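Subject: Structure handover

Hello,

Here is the structure for you to take over. My notes on what was found in it follow below.

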Amino acid sequence: RLPRHKISDLTPEKDGQVVTLRARVHTLRAQGNKMVFINLRQRIDSVQALLTQEDGKVSKLMVKWAAGLGDESIVLVEGTVKKAPEEIKSATVGNVEIHINRIYLVAGLDGRLPFTIDDASRPELEQENSDVQYNRVLLDTRLNNRVVDLRTQTNQAVFRLQAAIGGFFRDYLESNGFMEIHSPKLQGAATESGASVFKVSYFKGGAFLAQSPQLAKQMAIAADFERVYEIGPVFRAEDSNTHRHLTEFIGLDLEMTIEEHYHEVMEMLDGLFKHLFKNLQEQHKKEIDTVRTQFPADEFTWKEETLKLTFAQAVDLLVEDGVDRAILDDINTENEKRLGRIVKKKYETDYFIIDKFPAELRPFYTMPDPEHPELSNSYDFFMRGEEILSGAQRIHDPTLLVEKMRGKGIEPESMKGYVDAFRMGCAPHGGGGIGLERVLMLFLKLNNIRRASLFPRDPKRLEP
Ligand code: ATP
Ligand code: AMO
């Protein structure tokens, strides 16, 4: 049995070698009854193959049969590698073509394709200007037929990048002494606030789906694990039909003890993001470039020295730009984006941090600033003017914690296990939570979080 080859391994130096490939028929074009051109595709690579009687290795019947192969069938091909003639040098990998000697059908289609992979691969702008010429594939159609949509080279690259982000997150934290944990997603009580949790039936009673591993990761610190992280699903019952909200997303969470100051956590998180950006740009240029052909965007820009603004400084930048200070008690989504544009212009970066948020804007577990109790030791991180991480130093003193819970209308008894963790003594600590799909969407500028989720869940979509 001949060894299987990958399209990405086929280079002009292999000229004359016989190879076997399993691939999809991307497109097929018959020329009379003598010749068939098949564009073969494997993930993000493709190669031109041809079946011709002139090679003397295939019969007329074979050519006729091959001409009837449908797009997206899976075939096994044995053929000879040929350096591609100058005039057809194209996007094919390594400028080679394959002269097919034998071809077998591995799997055909039992139905009509909802759209062609070529139509689904058109650059967004081209699609916008060319409704007549091309069949435009709308996002909803793509998501309804996600399996076919995921075969585009863009999506193959997007999800390889998603996997890479998870990998770099894990590597960085492991090398900094963090340990992975797995916290329960079924909860007896709402985890952060009652507002946005899904209720599920649980035997004779009910349960909630965790809206964050917040309580568990803090309890792991109280249990002396010192530095922990989790990659897991997060559920939010928010009826937010926006480009950046999902009802289920992947949270990249971490929590660590603090020696002196909450800036230790901010520095760790900042180091993590720079590790991520650097390695994505260095090791995954091919995937990034592939996505860019469909979603043109400027390169994601960041600096070795990260821009850190306090909430007050961020507000000042917005006021300078003409926003009314009276509406800046909080920075809404629109002003967040505006701030992103201001920062990009002034500091030439797509990545920055804001800290010292007013205490009243943050969850009950957030540590107030000891010198200015109306502020808090909290931070948000931003990419292209949108929030990707939220975090803070936490309250480890049980008396203060109970007071803050009551202040936000939460009955401490309803979270007894959590509050008790601090009654048993817990070191100062802090952490943060990142939305994986948001990072991916903003790094690539995909403009809609659904494109960064394999099978997205939003208020209107539970299938496929
Ligand atoms: P998080 O802090 O969880 O990242 P967030 O900052 O987006 O998310 P929220 O404050 O709950 O969290 O989200 C509110 C923002 O999302 C609002 O500023 C609003 O612009 C937008 N938004 C939320 N729900 C809707 C909706 N149904 N329609 C349009 N926009 C919405
Ligand atoms: P927060 O609620 O801000 O903080 O969530 C953390 C990060 O998760 C992402 N995110 C979302 N992504 C997709 N769809 C959503 N509906 C959605 N909501 C949030 C964002 C956000 O920055 N417990 C705290 C974290 C902490 O303090 O450690 C928390 O959950 O990228």
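A molecule is said to sit in a pocket if more than half of its atoms lie within 2 Å of the grid points of that pocket. By that rule, ligand 2 sits in the largest pocket. Please keep in mind that this is a predicted model.

The chain as a whole

The chain has 464 residues, and 52% of them count as buried. Its secondary structure comes to 14 helices and 16 strands. The C-alpha trace spans about 85 × 55 × 45 Å along its principal axes.

Ligand 2

What surrounds ligand 2? There are 22 residues around ligand 2, and the closest are E192, Q214, K217, E387 and R394. Two of these have side chains in polar contact with oxygen atoms of the ligand: an N or O atom in the side chain of K217 is 2.8 Å from an oxygen atom of ligand 2, and for the side chain of R394 the distance to an oxygen atom of ligand 2 is 2.7 Å. On the nitrogen side, a polar side-chain atom of S212 lies 3.3 Å from a nitrogen atom of ligand 2. Ligand 2 on its own has 620 Å² of accessible area, of which the protein covers 91%.

Which elements give two or more residues to the shell around ligand 2? They are helix α7 (214-222) and the strands β15 (386-393) and β16 (429-435). The largest share, 5 residues, comes from β15. By type, the shell around ligand 2 divides into 6 nonpolar, 8 polar and 8 charged residues.

One residue of β16 can be singled out here. G432 lies in that strand and counts as buried, because its relative accessibility is 1% and the cut-off for buried is under 20%. G432 and D224 are 208 residues apart along the chain, and their C-alpha atoms are separated by 18 Å.

Ligand 1

The residues around ligand 1 are R236, D239, S240, N241, T242, R244, H245, T333, E387 and R438. E387 is also among the closest residues to ligand 2. Towards ligand 1, a polar side-chain atom of E387 lies 2.9 Å from an oxygen atom of the ligand. Nitrogen atoms of ligand 1 have contacts as well: a backbone N or O atom of D239 lies 3.1 Å from a nitrogen atom of ligand 1, and an N or O atom in the side chain of S240 is 2.9 Å from a nitrogen atom of ligand 1. Taken alone, ligand 1 exposes 610 Å², and the protein buries 50% of that.

How does the shell around ligand 1 divide into nonpolar, polar and charged residues? It holds no nonpolar residues, 5 polar ones and 5 charged ones.

Helix α14 and the end of the chain

Helix α14 covers residues 436-444, and 9 of its 9 residues are buried. Among them are the charged residues E437 and R438, and R438 is also one of the residues around ligand 1. The other buried residues of α14 include L436, V439, M441 and F443.

α14 is followed by K445, whose phi is positive, near 55°. P464 lies in the segment after α14, and the peptide bond from E463 to P464 is cis, with omega near -10°. For background, most residues other than glycine have a negative phi, and most peptide bonds are trans.

The loops on either side of β14

Strand β14 spans residues 378-383, and the loop between it and β13 (351-355) contains R362. R362 counts as buried because its relative accessible area is 8%, under the 20% cut-off. What does the side chain of R362 contact? It makes a polar contact with the side chain of D380, at 3.0 Å.

K356 lies in the loop between β13 and β14 too. K356 has a positive phi of about 60° although it is not a glycine, and it counts as buried at 18% relative accessibility.

R384 lies in the loop between β14 and β15. R384 also has a positive phi, of about 45°, without being a glycine. Is R384 buried or exposed? R384 is buried, with a relative accessible area of 15%.

Regards

Note on methods. Residues are numbered from 1 along each chain as its sequence is written. Chains are lettered from A and ligands numbered from 1 in the order in which they are written. This is a predicted model: local features need pLDDT of at least 70, side-chain atom pairs count only at pLDDT 80 or more; totals for chains, interfaces and linings use all residues. Side-chain values use heavy atoms; hydrogens and water are left out. A residue is near a molecule or strand if one of its heavy atoms lies within 4 Å of it. A polar contact is a pair of N or O atoms within 3.5 Å; within protein, one must be able to donate a hydrogen and the other to accept it, and residues adjacent in sequence count only if both atoms are side-chain atoms. Accessible areas come from the Shrake-Rupley method with a 1.4 Å probe; for residues, only the protein chains shown count as cover. On a 1 Å grid over the protein atoms alone, a cavity is a set of points where a 1.4 Å probe fits but cannot get out, and a pocket is an open set with protein on both sides within 12 Å along at least five of seven lines; lining residues have an atom within 4 Å of a point. Helices (H or I, at least four residues) and strands (E, at least two) are DSSP runs, numbered from the N terminus. Buried means under 20% relative accessible area, exposed over 50%, partly exposed in between (1.4 Å probe, protein chains only).
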